[in-house]
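Me: I have this chain open at my desk and would like a close look at one strand and how it sits among its surroundings. Could you walk me through it in plain terms?

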Amino acid sequence: EKLISSFDEYKNCLIVGVDNVGSRSLMDFRYMFREHSAFLMGKNTMMRKAINDNKETHPELQTVLPYLKGNVGFIFTTMDLKELRDLISTHKVEAAARAGSIAQCTVVVPAGPTGMEPQMTNFFQTLNIQTKIVKAQIEILNDVTLFVKGDKVGSSEVALLDKLNMKPFTYGIEFHGIYQEGSVFPADVLDIGEAELLARFREGIDAIAALSLATDYPTQAAMPHYVANGFKEIMHLSLGSDYTIKEVAKIKALLDDPEALAAAAAAAAAPAAGGAAPAAADTKAAEPEAEEEEEEADFDLFD
């Protein structure tokens with residue numbers, strides 16, 4: 001009942017994963033966002049039963065069922081979803097690697113002193129890590145990649161990280177989806193900005209307009225194109241007949257007066273001619289220098 005009532009009370013909901021998130025961290029989140037958000041965690045079987053029992057009154061909640069896998073929960077909120085996600089994402093907890101877990105990231109042990117006694121040399125040899133003894137402690141010669149992202153973490157790697165006091169992983173709430181008004185969206189949609197939304201909207205409008213024009217089926221998106229094409233037809237008819245509309249009156253006046261048309265053409269060509277004139281002048285100024293060079297070439301000092 002609490003799950004169904006929360007869906008009725010809040011319009012926005014984040015579907016989250018809470019793997020490796022401790023109960024203490026969840027309590028802290030509940031306290032931090034208690035004024036505008038409600039955290040609801042429970043057994044998947046119970047949440048599925050609640051949703052299926054209310055299938056007739058809340059059929060839209062069936063879209064949530066595929067997400068009820070693993071350690072999941074719901075965050076119901078009145079906040080902006082992107083703002084809430086960003087606030088929660090800043091709270092990460094460092095954690096040591098666990099044997100059998102999947103690596104979140106690639107872990108590299110840097111070269112240098114380890115602070116471990118020489119008696120532990122055999123341990124490094126088991127892991128095929130080259131070492132040397134410097135000042136009564138083991139020193140790693142080269143950087144060593146223990147495992148890469150996606151690999152299964154072994155017990156030997158975990159033991160080494162524990163001895164080096166390294167906590168390579170961070171755990172926090174993961175965001176699987178967004179529920180709004182009966183639909184579930186990937187959490188990545190929160191990263192879509194306004195500019196990208198407008199660009200996608202324009203692409204859709206252009207596609208609808210092109211399809212409308214190709215099939216000659218009028219749509220609102222294609223109306224500006226129909227109006228523009230219609231005006232072009234009217235303009236062509238006006239230019240080819242004795243009927244004049246004000247939009248083409250000046251054009252018809254130029255066509256009926258050859259002298260005015262020639263003057264307009266000359267005025268349009270004037271900037272191009274003006275740019276060519278200095279170049280021609282420079283060419284003429286350079287010609288006398290060429291003649292002088294020819295005369296000098298004919299002169300012989302030994303004549």
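Reply: Happy to help; what follows starts with the whole chain, settles on one strand, and then looks at the cores and a patch on the surface.

Please keep in mind that this is a predicted model. The protein chain holds 10 helices and 12 strands. Of its 303 residues, 27% count as buried. Among contacts between residues at least 6 apart in sequence, 69% join residues at least 24 apart.

Now to the strand itself, E1, which spans residues 12-17. How many of its six residues are buried? Six of the six are, so the strand is mostly covered. You can check this face by face: Asn-12, Leu-14 and Val-16 lie on one side, while Cys-13, Ile-15 and Gly-17 lie on the other. Both faces are covered.

Next, look at what E1 pairs with. Strand E3 (residues 72-77) runs antiparallel to E1, and six bridges join the two. Strand E11 (residues 174-180) is also antiparallel to E1, again with six bridges. Leu-14 is a handy residue to follow here. Its bridge partner in E3 is Ile-75, and in E11 it stands opposite Ile-178.

Moving away from the strand, the largest nonpolar core has 21 residues. Phe-124, Leu-146, Phe-147, Val-153, Leu-160 and Phe-169 touch the most other members. Among the elements that give two or more residues to this core are helix H5 (121-126), strand E9 (144-147), helix H6 (155-163) and strand E10 (169-171). If you click on Phe-124 and set aside its neighbours within four places in sequence, you will find it in contact with Thr-114, Met-116, Ile-129, Thr-131, Ile-138, Ile-140 and Leu-160. There is also a second, separate core of 19 residues, which includes Phe-7, Ala-50, Ile-51 and Leu-68.

For a contrast with the covered strand, turn to the outside. The accessible surface of the protein chain comes to about 20500 Å², of which 55% belongs to carbon and sulfur atoms. One nonpolar surface patch, of about 390 Å², is made by Leu-239, Ile-251, Leu-254, Leu-255 and Leu-261. Helix H9 (residues 249-256) gives the largest share of that patch, three residues. Leu-254 lies in this helix. Why does Leu-254 count as partly exposed? Its relative accessible area is 33%, and because that value falls between the 20% limit for buried and the 50% limit for exposed, Leu-254 is placed in the middle class.

Conventions
Residues are numbered from 1 along each chain as its sequence is written. This is a predicted model: local features need pLDDT of at least 70, side-chain atom pairs count only at pLDDT 80 or more; totals for chains, interfaces and linings use all residues. Side-chain values use heavy atoms; hydrogens and water are left out. A nonpolar core is a set of buried Ala, Val, Leu, Ile, Met, Phe, Trp, Tyr and Cys residues joined through side-chain atoms within 4.5 Å. Buried means under 20% relative accessible area, exposed over 50%, partly exposed in between (1.4 Å probe, protein chains only). Helices (H or I, at least four residues) and strands (E, at least two) are DSSP runs, numbered from the N terminus. Contact means heavy atoms within 4.5 Å. Two strands pair if DSSP finds at least two bridges between them. Patches are made of residues with over 30% relative accessible area and no salt bridge: like charges are joined within 9 Å, nonpolar side chains (Val, Leu, Ile, Met, Phe, Trp, Tyr) within 5 Å. Accessible areas come from the Shrake-Rupley method with a 1.4 Å probe; for residues, only the protein chains shown count as cover. A salt bridge is a side-chain nitrogen of Lys or Arg within 4 Å of a carboxyl oxygen of Asp or Glu.
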